[in-house]
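The following exercises are to be solved from the coordinates alone. Please attempt each task before reading its solution.

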Amino acid sequence: MLNNKKEDMRPYDMKKAPMKTPKFMMPLIWSACWAMTKSSGLKIHKVGMDSVKPPFLVFATHQGFSDYYIAPLALKPYRPNYVSDMEGFAAFGKTLYRSIGCIGKRRYVPDVTVIQNISTAFEMGNPVVLYPESRHSNVGTTAILPSNLGRLAKHFARYYNTPLVILSAHGSYLTNPFWDEEHTRRGKMEARLELLYTAKELINMDADDIQKKIEEKLTYDEYDWQKKRNIPFRGKNLAQGLHLPLYQCRNCKSRHTMISKGDYIGCKSCKKIWKLSPYGYLFDREGHKNSIVEWYNWEMGNVKKKLDISPTRRSFKVHIESLPNEYGFINLGEGSLTVDKEGFILVFDIDKNYNYIPKDWKYTSLPDKSSGKSSKKSRITITFPHKTRESLQTEYNYKGRGPAIVLSNLDATYYLYSDDKDFNPTELQFISEYYIYQ
């Protein structure tokens, strides 16, 4: 893991102005991206881009890790800035990550400094890339998109004369599904870089109409794309990890009984087994075909039906790791996570003093069990209301640590792992989204 050896709790300085990538680094970046996408035969189609010059705003789909290699190649020869999650700063180091153009942001946390940094990048004459989904795709379909994209595009067009460009990729998820990014599949990838609106058109259009068009362009279904093109994605362990998004048995309806291994996914309760084919379908032993996306949507519908009847309140034992800055993760030990109709509540105990106290920490002093007097140990409570986010960040096997959810505030990001049998990131995401949009 990326350990914060100093246990420095000071938040990353989001106000630090973005950098323009040095010219000498661009050939290195393009070469690395080309090498990482060569085996998939990446093809990039550009539509209406001949007259588009920086600065311009790019909204991009975010299916998987390969998106980070596709964007620099699609935007060549320009030197873009990218709005990026804090984990990248810890993984690659602040100096390198900033030098390749990254602007720091915490997922699903409103922060005006991000708008300021994007504005600075436009003033420098750079394109800026945003991934509005904010996380990789669970099953190859579009995640929930923020409702302010149209207003954002209008704002930047008005003040910085920036056109709006859409970068849509295909094959990124199918090459490395989010539920198994360890095993790469052999297949095809393609991307489309398209001018959606000029700055003048954005200024004169209604923000709601812009929003609808953006959502239309960013909507995808990778299994539908695969079916239409009849492209196989071959490899070993095709279904490994699929039980994380498909956590409920389609046959017996039991939850948290699914397991996966190799090319197969099955249920421990009813013993039903399905095999995943290179063409993206699940087949049972009788030869009946099942869709991963339909299965996933069926689970989501079941969660909604249950919550329509009665609100939920569930608690889990969790292991907590905090990511406050570029120095890496701080182990905060064990705690409890509760989810109810209002949000998530994280509670844990500490017995040390850090160099910075996050603003969202609520302290309660704990008495010494032997004397009854105050001890050095304190109980920390952090609340994460549903209504402050567009969705919930899920992690299926981050750094080999197993399933987790990730919750953030302005001061830190918290990675929460649990061995509880009914802890499933996908189900918690469904619960969170239900209450966000209720």
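In these exercises, a residue is called buried under 20% relative accessible area, exposed over 50%, and partly exposed in between (1.4 Å probe, protein chains only). The model is predicted: local features need pLDDT of at least 70, side-chain atom pairs count only at pLDDT 80 or more, and totals for chains, interfaces and linings use all residues. Residues are numbered from 1 along each chain as its sequence is written, and side-chain values use heavy atoms, with hydrogens and water left out.

**Exercise 1. Cysteines**

Task: Determine how many disulfides a search of the whole structure finds, and establish whether cysteine 33 is buried or exposed.

Solution. Step one is the criterion: a disulfide is a pair of cysteine sulfur atoms within 2.5 Å. With this cut-off, the search of the whole structure returns zero disulfides. Step two takes cysteine 33, which is in no disulfide; its nearest cysteine sulfur belongs to cysteine 102, 11 Å away. Cysteine 33 has 5% relative accessibility and therefore counts as buried. Step three takes cysteine 270, which is also in no disulfide; the nearest cysteine sulfur is that of cysteine 249, at 3.6 Å. The relative accessible area of cysteine 270 is 27%, so this residue is partly exposed.

**Exercise 2. Strands β8, β9 and β10**

Task: Describe in which sense β8 and β9 pair, and identify the residue opposite isoleucine 265 in β10.

Solution. Step one fixes the terms. Helices (H or I, at least four residues) and strands (E, at least two) are DSSP runs, numbered from the N terminus; two strands pair if DSSP finds at least two bridges between them. Step two considers β8 (residues 258-261) and β9 (residues 264-267), which are antiparallel and share four bridges. Serine 260 has isoleucine 265 of β9 as its bridge partner. These strands form a hairpin with two residues between them, and glycine 262 in the turn has a positive phi of about 60 degrees. Step three follows β9 to β10 (residues 273-276), an antiparallel arrangement joined by three bridges. Here isoleucine 265 stands opposite tryptophan 274. The hairpin of β9 and β10 has five residues between the strands.

**Exercise 3. Backbone geometry**

Task: State which sign phi has in histidine 256 and lysine 271, and find the omega of the peptide bond from proline 54 to proline 55.

Solution. As background, most residues other than glycine have a negative phi, and most peptide bonds are trans. Step one concerns histidine 256, in the loop between α10 (222-229) and β8. Its phi is positive, about 65 degrees, although it is not a glycine. With 19% relative accessibility, histidine 256 counts as buried. Step two concerns lysine 271, in the loop between β9 and β10, where phi is positive and near 70 degrees. Lysine 271 has 57% relative accessibility and so counts as exposed. Step three turns to omega. The bond from proline 54 to proline 55 is cis, with omega near 5 degrees; proline 55 lies in the loop between β1 (43-47) and β2 (57-60). Another cis peptide bond joins lysine 76 and proline 77, with omega about 15 degrees. Proline 77 is placed in the loop between α2 (67-74) and β3 (81-85).

**Exercise 4. Surroundings of tyrosine 398**

Task: Classify the aromatic pair of tyrosine 398 and tyrosine 415, then find the distance of the polar contact between glutamate 87 and tyrosine 398.

Solution. Step one states the rule: rings of Phe, Tyr and Trp (its six-membered ring) pair if their centres lie within 6.5 Å; planes under 30 degrees apart count as stacked, over 60 as edge-to-face and the rest as tilted. The structure holds 24 aromatic pairs. Among them, tyrosine 398 and tyrosine 415 form a tilted pair, with 4.9 Å centre to centre and 35 degrees between the planes. Tyrosine 398 lies in the loop between β18 (393-395) and β19 (404-408) and tyrosine 415 in β20 (residues 413-417), so the pair ties together parts 17 residues apart in sequence. Both rings belong to buried residues: tyrosine 398 has a relative accessible area of 9%, and tyrosine 415 has 1%.

Step two adds glutamate 87, located in helix α3 (residues 87-92) and buried at 17% relative accessible area. A polar contact (a pair of N or O atoms within 3.5 Å; within protein, one must be able to donate a hydrogen and the other to accept it, and residues adjacent in sequence count only if both atoms are side-chain atoms) joins the side chains of glutamate 87 and tyrosine 398 at 2.7 Å.
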